[in-house]
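I opened this notebook page to record what I looked up in one model. The entries are grouped by the part of the chain I was reading.

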Amino acid sequence: MTFIEVRGVATHIAVDGPPGAPAVLLIHSLGASLRIWDAQAERLSRGFRVVRFDLRGHGLSEVAAGRCTIEDLADDALAVLDACGIATAHIAGVSIGGMIAQALAARAPARTASLILCDTALALPPPEMWRTRAATVRAEGVAAIADATLARWVTPAFLASPRGRGLRTLLLRTHAEGYAAAAEALGLADLSRSTPELRVPTLVLVGEHDPSTPVAAAEALRDAIPGARLAVIPRAMHLPMVERPDEVNDALLDFLTPRDAYLAAAGLRVRTEVLGAAHVARATAAITDLDRDFQAYITRAAWGGVWARPHLDRRTRSLVTVAMLAALGRDHELALHIRAMKNTGASLADLSELMLHVAVYAGVPAANAALRIARQIAEEAR
């Protein structure tokens with residue numbers, strides 16, 4: 001368990017995936033915790049740095065004093081990114097988490113690589129309903145609204161399963177004041193002015209049978225954000241990431257995998273993250289009319305079309321690349337990628353182990369030559 005202080009509140013966070021990889025922030029729903037994103041964190045962390053946190057008064061996070069707004073919760077999320085040293089991230093949120101994501105993008109557009117808005121809306125009126133629910137929870141505890149809430153979250157069949165019963169336990173362990181304060185913030189939130197001003201790639205995702213934020217609400221949200229896409233998860237309700245994790249993972253990965261129109265931009269970003277800004281700046285300054293098209297092709301095809309794909313993490317791609325370059329005897333590129341290992345999470349121990357495979361499958365001379373280059377680079381770094 002990892003805890004950080006976020007604006008005076010001890011906040012429980014989870015961080016998975018290779019350092020330096022593109023970041024994804026996952027924000028959970030009212031009455032839940034970061035654990036509802038477990039299946040997505042496991043899958044996405046192969047190629048992304050996945051950050052999750054428990055909202056104030058939820059999961060293992062402390063309860064904050066006083067009322068809060070959606071904007072306060074968005075500032076909490078930004079503080080989590082700050083604590084993790086993350087400048088920009090893909091922001092995903094479900095239900096109230098989706099409204100927090102919208103508010104975060106409006107407050108910090110430069111830090112928002114994209115938005116994934118799950119089973120959420122621009123607003124969820126009427127405020128009186130949320131004030132009544134908050135009062136009920138303060139007076140009687142979360143158990144008073146548990147049955148009605150769970151009936152909206154997942155299907156009856158799933159609720160009867162071990163995972164469904166675990167979901168009930170998760171809800172019941174939410175602090176009453178934490179739930180009530182977030183419910184009141186939800187009732188007051190209206191993003192119908194700020195969200196249409198957003199200009200970030202956006203995926204709107206919704207369960208086919210969600211009674212809380214139905215498909216019509218998701219369509220309205222999609223239509224409010226220029227260029228947004230909509231994905232409907234069949235046979236799912238308000239928390240499809242829990243009940244239909246494979247379908248949600250497929251939708252997320254399809255959205256996060258760069259498409260042709262974005263390959264050049266994605267390639268430049270990944271190339272810079274892997275090889276370093278100084279190297280890319282030198283290479284860019286050295287481009288001539290002779291190799292301009294070639295360099296653009298490499299950035300788009302190799303870095304945008306392959307390295308930016310989320311299936312393999314950066315460390316794995318780095319090691320595969322080093323092994324192939326060693327086997328082929330491409331010494332210049334090999335040295336470049338050995339130096340880049342410090343940015344991909346690959347270690348000297350990984351390189352040592354890798355060279356045994358190169359020796360077996362490509363020959364001892366190839367491995368010996370690669371190790372000689374590695375030793376030279378290690379000496380330079382001292």
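The entries below concern a predicted model.

Entry 1, a strand pair. I looked up how strand β7, residues 202-207, pairs with strand β8, residues 229-233. The two run in the parallel sense, and five bridges join them. For Leu 205 I found Ala 231 as the bridge partner in β8. I then followed the chain from β7 to β8 and passed through helix α9, residues 215-224; this β-α-β crossover is right-handed.

Entry 2, the loop before β7. I located Ser 192 in the loop that lies between α8 (176-188) and β7. Is Ser 192 buried, partly exposed or exposed? I noted a relative accessible area of 37% for Ser 192; the limits for partly exposed are 20% and 50%, so Ser 192 is partly exposed. Its side chain makes a polar contact with the side chain of Asp 190, at 2.7 Å. I also checked Ser 192 against Ala 231: the two are 39 residues apart in sequence, and their C-alpha atoms are 21 Å apart in space.

Entry 3, helix α2. What span should the 14 residues of helix α2 (residues 70-83) have at 1.5 Å a residue? The expected value is 20 Å, and I read 20 Å between the end C-alpha atoms, which agrees. I listed the buried residues in α2, among them Ile 70, Leu 73, Asp 76, Val 80 and Leu 81. After α2 comes Gly 85, for which I recorded a positive phi, near 70 degrees.

Note on methods: Residues are numbered from 1 along each chain as its sequence is written. This is a predicted model: local features need pLDDT of at least 70, side-chain atom pairs count only at pLDDT 80 or more; totals for chains, interfaces and linings use all residues. Side-chain values use heavy atoms; hydrogens and water are left out. Two strands pair if DSSP finds at least two bridges between them. Helices (H or I, at least four residues) and strands (E, at least two) are DSSP runs, numbered from the N terminus. A crossover is right-handed if, with the strands pointing away from the viewer, the path from the first strand over the helix to the second runs clockwise. Buried means under 20% relative accessible area, exposed over 50%, partly exposed in between (1.4 Å probe, protein chains only). A polar contact is a pair of N or O atoms within 3.5 Å; within protein, one must be able to donate a hydrogen and the other to accept it, and residues adjacent in sequence count only if both atoms are side-chain atoms. The expected span of a helix is 1.5 Å times one less than its number of residues.
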